[in-house]
Amino acid sequence: MEPFIVCLWILAGVCVVTWVLSLITGEHSWVDRIWSLVPLAYVWTFAGFAGLQDPRLNLMAALVSLWGARLTFNFARKGGYAPGGEDYRWEVLRGRMGAGAFALFNLFFIVIYQNVLLLLISLPVWTAFENRTPLGPLDIVLAVVFLAFLVGETVADQQQWDFHRWKKAETAAGRTPSPRFLQTGLFRVSRHPNFFFEQAQWWVFFFLGCAAAGSILQWTVIGPVLLTGLFIGSTVFTESISRSRYPEYAEYQRRTSPIVPWFPRRRSDQTAAATR
């Protein structure tokens, strides 16, 4: 119980700090800025309370550290930590909501809900802390799958980074980029492959906790479930913005799987879908 209490104190602290900073700066991406860091504090707290002597806890903490390093690097190179690096979606949402409504949204959703979610997705490590069974072949398989999803997300991020650099260069040269949004590589089989790999990693993390307990019936499933729900809502909102900017995005939606990578639809399927 003690490491969980420590984590609750960390949660309370980051909630206060991110909320106050959003009020002081007028930017609302402070939770985004600590998103890749706070889960590391949670998992290493549990590993530390075990004296760094439990192989599974150490493995889980190491995997989350790799996840955090990748996300931190990608967020930093996009300017997320720089002043003015606020997520463009918050600006769009502020324009659709009144000032009072957005202030409540900032406190209860951006700050409290998302910070609680970061704790919840980390808590399979609590299951492993309470069930310190020997590390087995299933743990190794799950760790390899986690790393495979991590590589997939890294590739998706790099493809997106390369595309936006090309698009910026085309615009700077006075040319109209074509296409105007990424549709190749992993983005040919999923409109949001990075979203898929991100969620998949935390589901695997949950299963690592299950492996420790010897049962899939764990209450910590609430973490990946709520994370999946958050990504579904984020996808719908993000795509509404994309459709308003790029009319051709509707065609991309018709032929490409939204999240889970899958074969693109053939043209005959697209035509049938358009006439129904």
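This is a short tour of three helices, H6, H10 and H5, in a predicted model.

**Stop 1: helix H6.** Select residues 99-122, which form helix H6. Its 24 residues, at 1.5 Å a residue, should span 34 Å, and the C-alpha atoms at its two ends are 33 Å apart, so the expected span and the model agree. Next, centre the view on Asn106, where H6 bends by about 35 degrees.

Which residues of H6 are buried? Phe102, Asn106, Ile110, Val111, Gln114 and Asn115 are among them. The buried set also includes the run from Leu117 through Leu118, Leu119, Leu120 and Ile121 to Ser122. An α-helix has 3.6 residues a turn, so residues three or four places apart point the same way.

**Stop 2: H6 against H10.** Add residues 222-245, helix H10. The axes of H6 and H10 are 8 Å apart, and the packing angle is about 140 degrees. That angle makes H6 oblique to H10. The crossing of these two helices is left-handed.

To see the contact, show side chains for Phe109, Tyr113, Gln114, Leu117, Leu120 and Ile121 of H6. They meet Ile222, Gly223, Pro224, Leu226, Leu227 and Leu230 of H10.

**Stop 3: H5 against H10.** Keep H10 and select residues 88-96, helix H5. The axes of H5 and H10 come within 11 Å and cross at roughly 80 degrees. The two helices are therefore roughly perpendicular to each other.

Where do they touch? On H5, pick Tyr88, Arg89, Val92, Leu93 and Arg96. On H10, their partners are Ser234, Phe237, Thr238, Ser240, Ile241 and Arg245.

Note on methods: Residues are numbered from 1 along each chain as its sequence is written. This is a predicted model: local features need pLDDT of at least 70, side-chain atom pairs count only at pLDDT 80 or more; totals for chains, interfaces and linings use all residues. Side-chain values use heavy atoms; hydrogens and water are left out. Helices (H or I, at least four residues) and strands (E, at least two) are DSSP runs, numbered from the N terminus. The expected span of a helix is 1.5 Å times one less than its number of residues. The bend at a residue is the angle between axes fitted to the seven residues ending there and the seven starting there. Buried means under 20% relative accessible area, exposed over 50%, partly exposed in between (1.4 Å probe, protein chains only). Axes are lines fitted to C-alpha atoms, for helices over the stretch in contact, and angles run from 0 to 180 degrees between N-to-C directions. Angles under 35 degrees count as roughly parallel, over 145 as roughly antiparallel, 65 to 115 as roughly perpendicular and the rest as oblique. A crossing is left-handed if the near helix is turned anticlockwise from the far one by less than a right angle, and right-handed if clockwise. Contact means heavy atoms within 4.5 Å.
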